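Open the model in a viewer and keep the selection tool at hand. The stops below go from one selection to the next.

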Amino acid sequence: MNNTRVYKMAFAGVYPHYVQKVEKKGRSKEELHQVIQWLTGYDEATLQKVLDERTDFETFFAQAPLMNPNANKITGVICGHRIEDIEDPLMQKIRYLDKLVDELAKGKAIEKILRK
């Protein structure tokens, strides 16, 4: 499967959808940032820079300060695919983020989302 189109999408183009999804379910943008920071290591300033520069997903994950070593504990199905079975490392990271956003929107406790 050719995922080039997804990889070249600007993170800033998808980010408002993440915010809308979690806020619609009563969660906050701050909680979303906490989840993104847990996964990628971006702090508020670097995350804002990524958004301002319209960094694509490929660069977003390539330049992530510190991918969480517990990210491989994120399992389940997203968009009809088992996350743990995705062979492409970049697509797997994108799906990790999607899954975390879904869990946040579904009301799962932050401690469980962050695999504590």
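**Stop 1: Arg95**

At 18% relative accessibility, Arg95 counts as buried, because the cut-off for buried is under 20%. The model is a predicted one. Arg95 is part of helix α6. Which residues is Arg95 in contact with, leaving aside its neighbours within four places in sequence? Select Ile78, Cys79, Ile83 and Ile86 to show them.

**Stop 2: Cys79 and the β1-β2 loop**

Stay with Cys79, one of the contacts of Arg95. Cys79 sits in the loop between β1 (77-78) and β2 (81-82). Its phi is positive, near 55 degrees, in a residue other than glycine. Is Cys79 buried or exposed? With a relative accessible area of 54%, Cys79 is exposed.

For a second non-glycine residue with positive phi, select Arg54, where the angle is about 55 degrees. Arg54 belongs to the loop between α4 and α5.

**Stop 3: the whole chain**

Zoom out and colour by secondary structure. The chain has 7 helices and 2 strands, and along the sequence they follow the pattern α-α-α-α-α-β-β-α-α. Taken along the principal axes, the C-alpha atoms fill a box of roughly 35 × 35 × 25 Å. A compact globule with 116 residues would have a radius of gyration near 13 Å, and the chain agrees, at 13 Å.

Now colour by accessibility. Of the 116 residues in the chain, 47% are buried. The exposed area of the chain is about 6,600 Å², and carbon and sulfur atoms supply 49% of this area. Among contacts with a separation of 6 or more, 66% are between residues 24 or more positions apart.

**Stop 4: the largest nonpolar core**

Nonpolar side chains tend to be buried together in soluble globular proteins. How many residues does the largest nonpolar core have here? The core has 38 residues, and Phe11, Leu32, Leu39, Phe60 and Leu97 are those with the most contacts inside it. Select these five as sticks. At least two core residues come from each of α2 (11-24), α3 (29-40), α4 (44-52), α5 (57-62), α6 (89-105) and α7 (110-113). Helix α6 gives the most, with 9 residues.

Centre on Leu32. Beyond its neighbours within four places in sequence, Leu32 is in contact with Tyr15, Tyr18, Val19, Val22, Val101 and Leu104.

**Stop 5: helix α3**

Keep Leu32 in view and select the rest of its helix. The buried residues in α3 are Leu32, His33, Val35, Ile36, Trp38, Leu39 and Thr40. What do the buried residues of α3 pack against? They pack against α2, α4, α5, α6 and α7.

Place a distance label between the end C-alpha atoms of α3. They are 16 Å apart, which agrees with the 16 Å that 12 residues should span at 1.5 Å a residue. Just after α3, select Gly41, which takes a positive phi of about 85 degrees.

**Stop 6: the salt bridges**

Side chains of opposite charge can pair when their charged atoms come close. The structure holds 8 salt bridges; three of them are visited here.

Begin with Glu58 and Lys8, whose side chains meet in a salt bridge at 2.7 Å, N to O. Glu58 is in helix α5 and Lys8 in the loop between α1 (4-7) and α2, so the pair ties together parts that are 50 residues apart in sequence. Glu58 is partly exposed, with a relative accessible area of 33%.

Next, select Asp102 and Lys21, a salt bridge in which the closest N and O atoms are 2.3 Å apart. This pair links distant parts of the chain, with Asp102 in helix α6 and Lys21 in helix α2, 81 residues apart. Asp102 is buried, at a relative accessible area of 16%, whereas Lys21 is partly exposed, at 36%.

End with Glu103 and Lys108, a salt bridge with its closest N and O atoms 3.5 Å apart. Glu103 is buried, with a relative accessible area of 8%, and Lys108 is partly exposed, with 32%. Add Arg115 to the selection: Glu103, Lys108 and Arg115 are linked in a network of salt bridges.

How values were computed
Residues numbered from 1 in each chain as written. Predicted model: local features only at pLDDT ≥ 70, side-chain atom pairs only at ≥ 80, totals over all residues. Heavy atoms only, no water. Core = buried A, V, L, I, M, F, W, Y, C linked by side-chain atoms within 4.5 Å. Buried < 20%, exposed > 50% of the residue type's maximum accessible area, 1.4 Å probe, protein only. Helix = DSSP H or I, 4+ residues; strand = E, 2+ residues; numbered from the N terminus. Contact = heavy atoms within 4.5 Å. Salt bridge = Lys/Arg side-chain N within 4 Å of Asp/Glu carboxyl O. Rg over C-alpha atoms; globule rule 2.2 N^0.38 Å. Areas by Shrake-Rupley, 256 points an atom, 1.4 Å probe, with all protein chains shown as cover. Expected span 1.5 Å × (residues − 1).
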